[in-house]
Amino acid sequence: MIRPRLLISAVGAALALAGCSGEKTETPASEESFSPAVATPLASEAVTETAQSIPQAAQGRWGLVPADCTTKLGDEKGLLTIGPDSLKFYESQGKLGTIAERSDTRIRASFAFTGEGMEWTHDVVLDVQDDGKTLIRRHYGPDAEPGPYKHTRC
């Protein structure tokens, strides 16, 4: 099975070489219809997605309470900002590790967290619901917080 990232790299390298030769090459009809997905930024954040990233539906800013999305005091303790490979909380952040399961609206993966001088790993489930308005977050593993946590998109 050819991996999408490898296929895109191979096609890109072939196109680059063709462009250097000065010769005009024709693209086979089967390749003309292929175009990589272009992510649309949400709220001024660039959002990207690959098979090895957090689903685009989960990326963005999420609040546990409405004030997490609107305060200007820097005290948004329930704010969760999700990027392509990270979870950022008020006092900690998690880096995406091994993905156990993934769909367009759900991911279960290990995350390596750091914060307040400590390091830990949790298995985390992020599940987007209600047409992208709600995120349910659960942590599993030693010393995992009880959950689930219900976040609303900012």
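1. Cys154 has a relative accessibility of 41%, which makes this residue partly exposed. In this predicted model, Cys154 is bonded to Cys69, and the sulfur atoms of the two residues lie 1.9 Å apart. Cys69 is likewise partly exposed, at 25% relative accessibility. A disulfide is a covalent bond between the sulfur atoms of two cysteines. The count of such links comes to one disulfide, and the link of Cys69 and Cys154 is left-handed, with -70 degrees about the S-S bond. Because Cys69 belongs to helix H3 (residues 67-70) while Cys154 sits in the segment after strand E8 (149-153), the pair ties together parts that are 85 residues apart in sequence.

2. For the overall layout, the protein contains three helices and eight strands, and their order along the sequence follows the pattern α-α-β-α-β-β-β-β-β-β-β. What share of the 154 residues is buried? Buried residues make up 26% of the 154 residues in the protein. The surface that the protein exposes comes to about 10,300 Å², of which carbon and sulfur atoms supply 56%. Among the contacts with a separation of 6 or more, 36% are accounted for by residues 24 or more positions apart.

3. Leu80, in strand E2 (residues 79-82), is a useful residue to look at next. With a relative accessible area of 0%, Leu80 is buried, since the cut-off for that class is under 20%. Which residues does Leu80 touch, if those up to four places away in sequence are not counted? They are Gly60, Arg61, Trp62, Leu87, Lys88, Phe89, Leu135, Arg137 and His151. One of these contacts, His151, is 71 residues away from Leu80 in sequence, and the C-alpha atoms of Leu80 and His151 are 8.2 Å apart in space.

4. Ser86 lies in strand E3, which covers residues 86-88. Is Ser86 buried or exposed? At 11% relative accessibility, Ser86 counts as buried. When neighbours within four places in sequence are left aside, the residues in contact with Ser86 are Ile54, Thr81 and Gly94.

5. Ser110 is placed in strand E5, and with a relative accessible area of 21% this serine is partly exposed. Leaving aside neighbours within four places in sequence, Ser110 is in contact with Lys95, Leu96, Gly97 and Thr98, and also with Thr121, His122 and Asp123. For one of these partners, Leu96, the separation from Ser110 is 14 residues in sequence and 6.4 Å in space, taken from C-alpha to C-alpha.

6. The second largest pocket deserves a point of its own. Rolling a probe the size of a water molecule over the atoms shows where empty space is left. The volume of the second largest pocket is about 380 Å³, and of the 16 residues that line this pocket, the closest to its centre are Phe89, Glu91, Ser92, Trp120 and Glu145. Which elements give two or more residues to the lining of the second largest pocket? Strand E5 (106-115), strand E6 (118-129) and strand E7 (134-140) do so. By residue class, the lining of the second largest pocket divides into seven nonpolar, four polar and five charged residues. Phe89, named here among the residues closest to the centre of the pocket, also appears among the contacts of Leu80.

7. Some backbone details are worth checking by eye. Most residues other than glycine have a negative phi, and most peptide bonds are trans. Glu116, although not a glycine, has a positive phi of about 50 degrees; this residue sits in the loop between E5 and E6 and is exposed, with a relative accessible area of 62%. Asp130, also not a glycine, has a positive phi of about 55 degrees, and its place is in the loop between E6 and E7. At 46% relative accessibility, Asp130 counts as partly exposed.

8. Where is the cis peptide bond that involves Pro148? The bond joins Gly147 and Pro148, and its omega is about 5 degrees. Pro148 is found in the loop between E7 and E8.

Note on methods
Residues numbered from 1 in each chain as written. Predicted model: local features only at pLDDT ≥ 70, side-chain atom pairs only at ≥ 80, totals over all residues. Heavy atoms only, no water. 1 Å grid on protein atoms, 1.4 Å probe; cavity = no way out; pocket = protein on both sides within 12 Å on 5 of 7 lines; lining within 4 Å. Points joined across faces, edges and corners; volume = space filled by probe spheres on them. Helix = DSSP H or I, 4+ residues; strand = E, 2+ residues; numbered from the N terminus. Nonpolar A, V, L, I, M, F, W, Y, C, P; charged D, E, K, R; others polar. Buried < 20%, exposed > 50% of the residue type's maximum accessible area, 1.4 Å probe, protein only. Contact = heavy atoms within 4.5 Å. Disulfide = S-S within 2.5 Å. Areas by Shrake-Rupley, 256 points an atom, 1.4 Å probe, with all protein chains shown as cover.
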